[in-house]
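Dear colleague,

I am passing the structure on to you with this email, and my notes on what was found in it follow below.

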Amino acid sequence: MIGNVYQAAGGEDTFRLLVQRFYARVADDALLRPLYPEEDLSNAAERLTLFLIQYWGGPSTYNEQRGHPRLRIRHQPFAIGQDERDAWLGHMTAAVDSLNLSPALRKALVDYFETASTAMINMRTAQP
Ligand code: HEM
């Protein structure tokens with residue numbers, strides 16, 4: 001369907017904008033914001049930006065700076081239940097939608113974020 005999502009979506013600028021908009025929302029979220037250890041979210045934003053650029057077929061700067069992503073392990077210190085996952089995905093979906101990408105690109109990104117965010121759940125919460 002799509003050769004290289006990174007290029008088709010507009011390259012580095014698109015992923016920088018996506019993560020900027022995502023973290024602007026996280027900064028105002030009373031559930032998620034306390035999970036982030038640093039007062040300044042810009043380092044976290046830079047790591048996520050470089051990770052996504054690499055994941056979608058752009059330069060592998062993330063691996064050069066951080067090594068293998070091992071995202072499940074890196075998220076272990078943070079308690080992520082269904083509510084945290086839903087909040088994270090909600091902000092990310094809104095950020096993706098703000099980019100006005102083609103439907104195919106939008107779907108590729110949102111499908112991935114749905115699966116990846118579910119995989120990051122590491123805390124059991126009561127089901128309704
Ligand atoms: C499910 C809800 C999620 C929550 C609550 C969450 C929360 C966090 C927190 C608190 C950090 C540490 C911030 C920092 O680096 O200073 C972090 C790091 C990170 N997260 Fe998430 N995250 C979630 C899902 C995801 C997903 C789905 C991805 C990828 C698609 C992702 C990618 C990353 C990356 C790349 C880092 C930096 C890793 C590193 O190099 O140290 N996160 N996340």
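Where does the ligand sit? The ligand sits in the largest pocket, where a pocket is, on a 1 Å grid over the protein atoms alone, an open set of points at which a 1.4 Å probe fits, with protein on both sides within 12 Å along at least five of seven lines, and where sitting in a pocket means that more than half of the molecule's atoms lie within 2 Å of the pocket's grid points.

Please keep in mind that this is a predicted model, in which local features need pLDDT of at least 70 and side-chain atom pairs count only at pLDDT 80 or more, while totals for chains, interfaces and linings use all residues. Residues are numbered from 1 along each chain as its sequence is written, and side-chain values use heavy atoms, with hydrogens and water left out.

The surroundings of the ligand come next. The ligand is surrounded by 19 residues (each with a heavy atom within 4 Å of it), and the closest are Arg 47, Tyr 62, Arg 66, His 75 and Trp 88. By class, this shell has 13 nonpolar residues, two polar ones and four charged ones, with Ala, Val, Leu, Ile, Met, Phe, Trp, Tyr, Cys and Pro counted as nonpolar, Asp, Glu, Lys and Arg as charged, and the others, Gly among them, as polar. Helices H3 (42-55), H4 (61-66), H5 (71-75), H6 (82-97) and H7 (103-119) each supply at least two residues of the shell, and H3 gives the most, with four residues; helices here are DSSP runs (H or I, at least four residues), numbered from the N terminus.

For the iron atom of the ligand, the protein offers a single donor, NE2 of His 75, 2.0 Å away, donors being N, O and S atoms within 2.8 Å of the metal (3.2 Å for Na, K and Ca); because water is not among the atoms, sites may look incomplete. His 75 has its place in helix H5.

An oxygen atom of the ligand is 2.7 Å from an N or O atom in the side chain of Arg 47, and a nitrogen atom of the ligand is 3.4 Å from an N or O atom in the side chain of Trp 88.

Two further residues may help you to find your way. Leu 89, in helix H6, is buried because its relative accessible area is 9%, with buried meaning under 20% (1.4 Å probe, protein chains only). Thr 115, in helix H7, is exposed, with a relative accessible area of 56%, exposed meaning over 50%.

Best regards

Conventions: Polar contact = N/O pair within 3.5 Å; in protein donor to acceptor, adjacent residues only side chain to side chain. 1 Å grid on protein atoms, 1.4 Å probe; cavity = no way out; pocket = protein on both sides within 12 Å on 5 of 7 lines; lining within 4 Å.
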